[in-house]
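I opened the notebook today to go through one protein model. I will go from the whole fold to single residues.

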Amino acid sequence: MTTIRREVLTLPAASLGPDNPLPPLRPLDEAHRIDDRDRAGLPRDMARQVDHEPLRSLLPVMVRDGYDRTRRARELDALVIENDRLRATVLPALGGRIASLRHKASDRELLYVNPVLQPANFALNGAWFSGGIEWNIGATGHTTLSCSPVHAARVPAPDGGEMLRLWEWERLRDLPFQVDLWLPEGSDFLYVGVRVRNPHERPVPTYWWSNIAVPEERRVLAPADEAYHFGYERRLRRVPVPEYDGIDRTYPLNSTYAADYFYDVPDGRRRWIAALDEHGHGLAQTSTDVLRGRKLFVWGTGPGGRRWQEWLTEPGTAGYCEIQAGLARTQLEHVGLDPESEVSWLEAYGPLEARPDGDWHTVLRGAEERLEAALPRADVDAAYDAWRAHADTEPGERLADGSGWGALEALRADLKLPGTPFDASTLGEEQEPWLHLLRTGTLPEGGPHEPPGPTLVARPWRDMLETTAATPLAEYHLGIAQWHAGDRAQAVRSWERGLVGAAERWPLLRCLAAADQAGGHPERAAEQYAEAFDDLCAHRPGAADETDADDEAGGDDRWTAVAAALGREAIGALLAAGRTADARAVWERLDPATRDRGRFRLAEGELLAAEGRPEEARALFDGGFEVADLREGDESIGALWARLGDEPLPARHDFRMRPDGD
């Protein structure tokens, strides 16, 4: 019989650290927008969905950039669901990721299992890690829940056994979702029922891709003769499958550069994708037809792709690729979800044995026949129907708690969401001021010298902020909500009003500086940043008693994080405005531990280069540093190196993901 139990995994893991305390006001660094030339000729529904409300901002989510690259043995809570054939290990504190899927009958691991937990800057909001099966909801990119907890509980399964239910509130689109996992007795396939609900009286764009990491020494099969190719040069091209430019791209190691291949599975064809090793052993994923898209992601064999592979794990670990399944043809699209409606489907994951090599259509036909024998398409549809009858069943024993944001929204809108209760008991410190606003109409002032917390930006919360007392803190939060809504002029007016009588001006000054940057006023932005950093240094705890601001008073992580985040932005803005001496003054006031971080070593190199001290900047490279939160596709390290000389970029700093010249 299927069992669900708790387990503890111990593995080398880096600390996630504190979130960035500054609201993300800058435009989203989105690498998945296509060239206008590539829109011509797209299928009508695809062209419409490519333009359908792409994400413009991370708000209300905060950026997660406080992690490091120092790994030590740490314990991770896990939930294991198991029958006599399969064992799935789930990490509820890390987005509900399936870390391992082991086929007990053959003693084979079906996924790529990362031996370490190393966050890197791949999620929409920063911290993400590689390996396993992840559930991506929200908008194009890796979910903001990659390194966040989700709710988990036992639920009765359709066959009378137990299911493991995961659920959470996705904050970018304000949508609740659930993922139900169960293993029928004797089944070689893990069933996964997924539901995304729109409880609002307005349509909402949605997005879903299930990403499955598998070893890259595989051939990837999907029932398609064409695919949409998308690389880091941001061009979308329709290409033949399996060969493109004379090379069979269904073997991940045949590609030089990182790329996505979105397979164009014909209507009516069974939805599936598989990755098989040279002996024909591997993993298959299939689903009901709602989950229409299938994709292969490869890192490529070029130096940048190999460097990223090393960056995400430890030396000597084999590489991986990703096979994926989503709601649309490509990850460039968002699908409309009607008011008070939902979308749901069923996925299945299990072993497949089939011939991987040879003529494409012969290989596909053989694999489809083996898949049909192992798990008939009709059985997947029947399992979906059986699961839907249990999707509203209330959870039993709670196994993990997610965030309190869903509980807050459920209270605000008096939502009834059968099967996914967001209990008031999960409300925490971050929700407390907003709960007070909801119940009393007033936003409580924070304690003395306390950084403002996260801001809620949805229209109902913005309306409440507009009618509450106009305190400096309320004006700060209101301006952020107005900025998110696109009313930037009004946001600036709110922040300027908040400055009047504000005891601590730095939060508002930083918002005004970000607005000036976005408005094309670099000199004014630099001045606002300099004033904001001065004000922060004057008001942080213990500042009045300290003659040297290098020591963080009391070791408060919140203030360390604030100073690091504001200092980083201020240095960049001051350098952009040519105010090198002022940038140096900010640098000198950061605490030593902050200055030792790789991101700030890079900033120091840029500062030294601007000061005309290239030899000292070069010495930083020679001494070695690692920018823990280097963004996917970020070429700033290479750009600085090129300013310092003509030598080739050292391999340890080469993270370039596209061909030279693109």
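**Entry 1: the whole protein**

How many helices and strands does the protein have? I counted 17 helices and 27 strands. I keep in mind that this is a predicted model.

I looked up the radius of gyration next. The radius is 25 Å, and the globule rule gives 26 Å for 662 residues, so the protein is as compact as a globular protein of that length. I also took the span of the C-alpha trace along its principal axes. It comes to about 75 × 65 × 50 Å.

Then I checked burial. Of the 662 residues, 58% are buried. I looked at contacts with a separation of 6 or more, and 72% of them are between residues 24 or more positions apart.

For the surface, I noted an exposed area of about 25,700 Å². Carbon and sulfur atoms supply 48% of that area. For charge, I found 77 positive and 112 negative side chains. The centres of the two sets lie 3 Å apart.

**Entry 2: Asn121**

I went to strand β6, residues 120-123, where Asn121 sits. Is Asn121 buried or exposed? Its relative accessibility is 13%; the cut-off for buried is under 20%, so Asn121 counts as buried.

What does Asn121 touch, beyond residues up to four places away in sequence? I listed Tyr67, Gly126, Asp629, Leu630, Arg631 and Glu632. Two of these partners came up again when I looked at polar atoms. The side chain of Asn121 reaches the backbone oxygen of Asp629 at 2.9 Å. With Arg631, the contact is side chain to side chain, a polar contact of 2.8 Å.

I also took one distance from Asn121 to Thr362. The two are 241 residues apart in sequence, and their C-alpha atoms are 40 Å apart in space.

**Entry 3: Glu569**

I moved on to helix α12, residues 557-576, which holds Glu569. Glu569 has a relative accessibility of 12%, so I put it down as buried. Which residues is Glu569 in contact with, leaving aside neighbours within four places in sequence? I found Leu22, Arg26, Arg510 and Tyr529.

**Entry 4: backbone exceptions**

I searched for unusual backbone geometry here. Most residues other than glycine have a negative phi, and most peptide bonds are trans.

Where are cis peptide bonds found? One runs from Leu59 to Pro60, with omega near 10 degrees. Pro60 lies in the loop between α1 (44-50) and β2 (71-82). Another cis bond joins Val241 and Pro242, with omega about 10 degrees. I placed Pro242 in the loop between β17 (236-240) and β18 (243-244).

Next I looked for positive phi outside glycine. Asp174 has a positive phi of about 60 degrees. I found Asp174 in the loop between β10 (162-170) and β11 (175-182). Its relative accessibility is 12%, so Asp174 counts as buried.

Asp414 also has a positive phi, near 50 degrees. Asp414 lies in the loop between α5 (405-413) and α6 (432-440). Is Asp414 buried or exposed? Its relative accessible area is 55%; the cut-off for exposed is over 50%, so I logged Asp414 as exposed.

How values were computed:
Residues numbered from 1 in each chain as written. Predicted model: local features only at pLDDT ≥ 70, side-chain atom pairs only at ≥ 80, totals over all residues. Heavy atoms only, no water. Helix = DSSP H or I, 4+ residues; strand = E, 2+ residues; numbered from the N terminus. Rg over C-alpha atoms; globule rule 2.2 N^0.38 Å. Buried < 20%, exposed > 50% of the residue type's maximum accessible area, 1.4 Å probe, protein only. Contact = heavy atoms within 4.5 Å. Areas by Shrake-Rupley, 256 points an atom, 1.4 Å probe, with all protein chains shown as cover. Lys, Arg positive; Asp, Glu negative; His and termini not counted. Charge placed at Lys NZ, Arg CZ, Asp CG, Glu CD. Polar contact = N/O pair within 3.5 Å; in protein donor to acceptor, adjacent residues only side chain to side chain.
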